[in-house]
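Welcome, and thanks for taking a look. Here is a short tour of a few side chains and the partners they meet.

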Amino acid sequence: MTDNDTEHRPLTLLGLGDMGTALARTWLAAGHPLTVWNRTPAKAAPLAAGGAAVAATPAGAVAANTLIVLCLLDDASIGSVLDGVDLTGKDLVNLTTGTPAEGRARAAWAEERGARFVDAGIMAVPSMIGAPETGGYVFYSGSRALFDTHRSTLEVPAGARFVGADPGHAALHDVALLSAMYGLFAGISHAYALIEGEDIAPKDLAPLLSEWLGAMGFFVGNAAERLTSRDFTTGVVSGLAMQVQASGTLLRTAADQGVSAELIEPYLHLMRERLDADPAAHAAEDTVGAITLLRRTAAPGR
């Protein structure tokens, strides 16, 4: 059976923090019968007023429905909350933030208990839940059959993107995007630090930064193509040797401005390491080849 057969599929939600509460309100508003449980019962009271059934125990909440959504503090909380609970025949959707390894281990744990499982990575904050115009969505990975069965229910709070049968891939996509975000924030932070104390208003630099970073967006696709082909030289405009030499200007300017280079120095160091390993082979490359140095060891259990 698919969600097309049932417009308002009932479900259970464990965990009523800010995200869990936003999810619950959205499913209730869409007409889905909802059973909730939270370690602090008082958090369930507003939802009960909105039509949710409040379970006294995790076991009671799980018994109420087939579709069980987890939105707890961390992976350890899942094991604690569901310890001894019968999960036979249940469909577990884990919206709890975790690592790829935790997602894989939790999938095996669920299968041993007779449940289907998908892990998830939420690319949204609570205010974006139930607001499709904000562009929020959720990565899902694991049981494709579970995802297909409940897809329309899962799409009520935010868009749903299935990224593979490996239960760790939802968290991996989540962390990859967030890591890129923080790297971007680091560069922007360094740029603003450079103009502190100068007769340059941050609001005047802002549009220039936005325009420049937009133009540099080509790096995303370029890196994907080069990492796939392992061709780091064809069509390169500014080679690694040139960029390493020019990077000295960035560091000297930071020193002159009294600004720590700690946010950008690691990347500049990686470029120098790539070049120094074999100058003749790498001088004409772009910077994408430096990415290969980051995988220092094999991932545990992979």
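A residue counts as buried when its relative accessible area is under 20%, as exposed when it is over 50%, and as partly exposed in between. Glu 285, at 5% relative accessibility, therefore counts as buried. Please keep in mind that this is a predicted model. The salt bridges in it come to 10, and three of the pairs are described below, followed by a serine in a helix.

**Glu 285 and Arg 274**
- The side chain of Glu 285 meets that of Arg 274 in a salt bridge, with 3.0 Å from N to O.
- Glu 285 sits in the segment after α12 (279-282) and Arg 274 in helix α11 (residues 265-277), so this salt bridge ties together parts 11 residues apart in sequence.
- Arg 274 has a relative accessibility of 10% and therefore counts as buried, and Glu 285 is buried as well, at 5%.

**Asp 91 and Arg 116**
- Asp 91 and Arg 116 form a salt bridge in which the closest N and O atoms are 2.8 Å apart.
- Because Asp 91 belongs to strand β5 (residues 91-94) and Arg 116 to strand β6 (residues 116-123), the pair ties together parts that are 25 residues apart in sequence.
- What is the relative accessible area of each partner? For Asp 91 the value is 4%, so this residue is buried, whereas Arg 116 has 32% and is partly exposed.

**Arg 104 and Asp 166**
- A salt bridge joins the side chains of Arg 104 and Asp 166, at 2.8 Å from N to O.
- Distant parts of the chain are linked here: Arg 104 is in helix α5 (residues 100-112), while Asp 166 is in the loop between β8 (159-162) and α7 (169-195), 62 residues apart.
- Arg 104 is partly exposed, with a relative accessible area of 23%, but Asp 166 counts as buried, at 18% relative accessibility.

**Ser 247 and its surroundings**
- Ser 247 has its place in helix α10, which covers residues 240-256.
- Is Ser 247 buried or exposed? Its relative accessibility is 4%, so Ser 247 counts as buried.
- Within the same helix region, which backbone oxygen lies 2.6 Å from a polar atom of the Ser 247 side chain? That oxygen belongs to Val 244.
- Beyond its neighbours within four places in sequence, Ser 247 is in contact with Leu 268, Met 271 and Arg 272.

Methods
Residues are numbered from 1 along each chain as its sequence is written. This is a predicted model: local features need pLDDT of at least 70, side-chain atom pairs count only at pLDDT 80 or more; totals for chains, interfaces and linings use all residues. Side-chain values use heavy atoms; hydrogens and water are left out. Helices (H or I, at least four residues) and strands (E, at least two) are DSSP runs, numbered from the N terminus. Buried means under 20% relative accessible area, exposed over 50%, partly exposed in between (1.4 Å probe, protein chains only). A polar contact is a pair of N or O atoms within 3.5 Å; within protein, one must be able to donate a hydrogen and the other to accept it, and residues adjacent in sequence count only if both atoms are side-chain atoms. Contact means heavy atoms within 4.5 Å. A salt bridge is a side-chain nitrogen of Lys or Arg within 4 Å of a carboxyl oxygen of Asp or Glu.
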